[in-house]
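Here are some exercises to work through with the model in view. Try each task yourself before you read the solution.

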Amino acid sequence: IEHEHDKLKEQFEALQLESTGECIALKANVAALQTEINNIKNIGVSAESKKSEELAALQSEKESLQTEKEELQSQLEALAAEKLKYKEELDAANASQKSVQD
C-alpha cells in the first residue's frame with residue numbers, strides 16, 4: 001500500500017509540474033495575444049490620427065482656397081465697376097463728339 005501511495009504521489013507531482021508548465025505556457029500565450037491586440041489598437045489610433053491630420057490639412061487648404069476665391073471675386077467686381085465707368089466715359093465722349101459734329 002505504501003508503494004502504491006508513493007507511486008500515486010509521484011504521479012500527482014508529475015501532473016502538478018505538467019499543469020504548472022501548461023499554465024505558464026498559457027500565460028505567455030495570453031501575454032503575446034494582449035501585445036498583439038495592443039499593437040492592432042495602436043495601428044488603428046495611428047491611422048485615425050493620420051486621417052485627422054489629413055482632414056485638418058484639407059480643411060485648411062479649403063479655407064485658403066475660399067479666401068483666394070473671395071479675393072478674386074472682389075477683384076472681378078472692381079474690374080466690372082471700372083469697365084462700367086470707362087464705358088460711361090466713352091459713351092459720354094461719343095455723345096459729346098456727336099453733338100459737336102451736329
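**Exercise 1. Compare the radius of gyration of the protein with that of a compact globule of 102 residues.**

Step 1: A compact globule of 102 residues would have a radius of gyration near 13 Å. The rule behind that value is 2.2 Å times the number of residues to the power 0.38, and the radius is taken over C-alpha atoms.

Step 2: The protein itself has 44 Å.

Step 3: Now look at the box that the C-alpha atoms fill along the principal axes, which is roughly 150 × 10 × 10 Å.

Before going on, note that this is a predicted model, where local features need pLDDT of at least 70, side-chain atom pairs count only at pLDDT 80 or more, and totals for chains, interfaces and linings use all residues. Residues are numbered from 1 along each chain as its sequence is written, and side-chain values use heavy atoms, with hydrogens and water left out.

**Exercise 2. Find the secondary structure, and follow pairs of residues along the chain.**

Step 1: The protein has one helix and zero strands. Both are DSSP runs, numbered from the N terminus: helices are H or I with at least four residues, and strands are E with at least two.

Step 2: Helix α1 covers residues 2–101, and Asp6 is found in it. Ile37 belongs to helix α1 too, as does Ala28.

Step 3: Ile37 and Gly21 are 16 residues apart along the chain, and their C-alpha atoms are separated by 24 Å. For Ala28 and Glu88, 60 residues apart in sequence, the C-alpha distance is 89 Å. Ser96 and Val30 are 66 residues apart in sequence and 98 Å apart in space, again C-alpha to C-alpha.

**Exercise 3. What percentage of the 102 residues count as buried?**

Step 1: Start with the cut-offs: buried means under 20% relative accessible area, exposed over 50%, and partly exposed in between (1.4 Å probe, protein chains only).

Step 2: The share of buried residues is 0%.

Step 3: Try a few residues. Ala28 has a relative accessible area of 46%, so it is partly exposed. Ile37, at 39%, also counts as partly exposed.

**Exercise 4. Count the charged side chains, and find a negative surface patch.**

Step 1: Lys and Arg count as positive and Asp and Glu as negative, while His and the chain ends are not counted. This gives 12 positive and 22 negative side chains, with the centres of the two sets 7 Å apart. Each charge is placed at NZ of Lys, CZ of Arg, CG of Asp or CD of Glu.

Step 2: Glu2, Asp6, Glu10 and Glu13 form a negative surface patch. Patch residues have over 30% relative accessible area and no salt bridge, and like charges are joined within 9 Å. Asp6 has a relative accessible area of 37%.

**Exercise 5. Which residue forms a salt bridge with Asp91?**

Step 1: A salt bridge needs a side-chain nitrogen of Lys or Arg within 4 Å of a carboxyl oxygen of Asp or Glu.

Step 2: The partner is Lys87, and the closest N and O atoms are 3.1 Å apart. The structure holds one salt bridge.

Step 3: Why might such side chains pair? Side chains of opposite charge can do so when their charged atoms come close. Asp91 and Lys87 are four residues apart in helix α1, so about one helical turn separates them.

Step 4: Asp91 is partly exposed at 39% relative accessibility, and Lys87 is partly exposed at 48%.

Technical notes:
Patches are made of residues with over 30% relative accessible area and no salt bridge: like charges are joined within 9 Å, nonpolar side chains (Val, Leu, Ile, Met, Phe, Trp, Tyr) within 5 Å. Accessible areas come from the Shrake-Rupley method with a 1.4 Å probe; for residues, only the protein chains shown count as cover.
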